[in-house]
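Trainee: I'm new to this one and would like a close look at a single part. Could you take me through the loop that holds the threonine you mentioned, and then show me how it fits into the rest?

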Amino acid sequence: MSTAERPLPTPAHTIGPFYGHALPFPGGGDIAPPGHPDTITLHGHVLDGAGAPVPDALLDFWQAAPDGSLTGAPGSLRRDPSTGGFLGRNGVDFTGFGRVATDADGRYALRTLPPGNPGPPYIGVCVFARGLTHHLFTRAYLADGPDRLLDSLPDERRATLIAAGGALRTYRFDIRLQGEGETVFLEFQ
């Protein structure tokens, strides 16, 4: 085969990854049963190093139940009997897991119940986004206080893990992927 006939090499990923396709599911950000009086909302933006919104990130959330248990409720997702697609959560069981895609402005919102873990309550977050070769793990603490992870950080870094409390049981937690004010990301071994 001559050089002119050989196909040109192509990059492994010409475009993508496509986190918004098939991974989010209806009600992915609604962990709390509808109308539950203890529902809280964790919301914010995912921002790149320049402070611009990341419109195509996907966030997974894990947390302890209000009683501190970590088992969750398996099987809470319903499927459409005709298509096999997801219809969403059953609206009753608390699973401790949520998945939310950011919108065009890099915003996300999660409706859940307060986590009952020991120490300051927190929600575990896993970030998938363009430009990341590996997903990133962090925590959104809903209160400050004595904690092994928080206590190991300088004050300015510690602040990147504390969600700001707002009105009506809301908490704002922005995730900055790099640069000034970069969120603390965790490494698991």
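Mentor: Let's start with the whole chain, go to that loop, and then follow its contacts outward.

This is a predicted model, in which local features need pLDDT of at least 70 and side-chain atom pairs count only at pLDDT 80 or more, while totals for chains, interfaces and linings use all residues. Residues are numbered from 1 along each chain as its sequence is written, and side-chain values use heavy atoms, with hydrogens and water left out.

The chain has 2 helices and 11 strands; helices (H or I, at least four residues) and strands (E, at least two) are DSSP runs, numbered from the N terminus. In order, the elements go β-β-β-β-β-β-β-β-α-α-β-β-β. Of its 189 residues, 36% count as buried, where buried means under 20% relative accessible area, exposed over 50%, and partly exposed in between (1.4 Å probe, protein chains only). Take the contacts (heavy atoms within 4.5 Å) between residues at least 6 apart in sequence: 65% of them join residues at least 24 apart.

Now the loop. Thr102 sits between β5 and β6, and its relative accessible area of 8% is why it counts as buried. Its side chain has a polar atom 3.4 Å from the backbone oxygen of Pro55, and a polar atom of that side chain is also 3.5 Å from the backbone nitrogen of Asp56. Such polar contacts are pairs of N or O atoms within 3.5 Å; within protein, one must be able to donate a hydrogen and the other to accept it, and residues adjacent in sequence count only if both atoms are side-chain atoms. With neighbours within four places in sequence left aside, Thr102 is in contact with Val46, Val54, Pro55, Asp56, Ala57, Arg107 and Tyr108.

Ala104 belongs to this loop too, between β5 (97–101) and β6 (107–112). Ala104 counts as exposed because its relative accessibility is 65%. Pro55 turns up again here: Ala104 and Pro55 are 49 residues apart in sequence, yet their C-alpha atoms are 4.5 Å apart.

From Thr102, follow the contact to Tyr108. Not counting residues up to four places away in sequence, Tyr108 touches Leu42, His43, Gly44, His45, Val46, Leu59, Phe61, Val100, Thr102 and Phe173. Tyr108 also takes us into the largest nonpolar core, which has 27 residues; those with the most contacts inside it are Leu42, Val46, Leu59, Phe61, Tyr108, Ile175 and Leu177. Strands β1 (40–47), β2 (58–62), β6, β7 (122–128) and β8 each supply at least two residues of this core. A nonpolar core here is a set of buried Ala, Val, Leu, Ile, Met, Phe, Trp, Tyr and Cys residues joined through side-chain atoms within 4.5 Å. In soluble globular proteins, nonpolar side chains tend to be buried together. Apart from the core of 27 residues lies another, of 7 residues, with Leu149, Leu150, Leu161 and Val184 among them.

Leu149 gives us one last stop: its backbone nitrogen is 3.0 Å from a polar atom of the side chain of Asp147. Asp147 lies in the loop between β8 (136–141) and α1 (148–151). Leaving aside neighbours within four places in sequence, Asp147 is in contact with Pro120, Arg139 and Tyr141.
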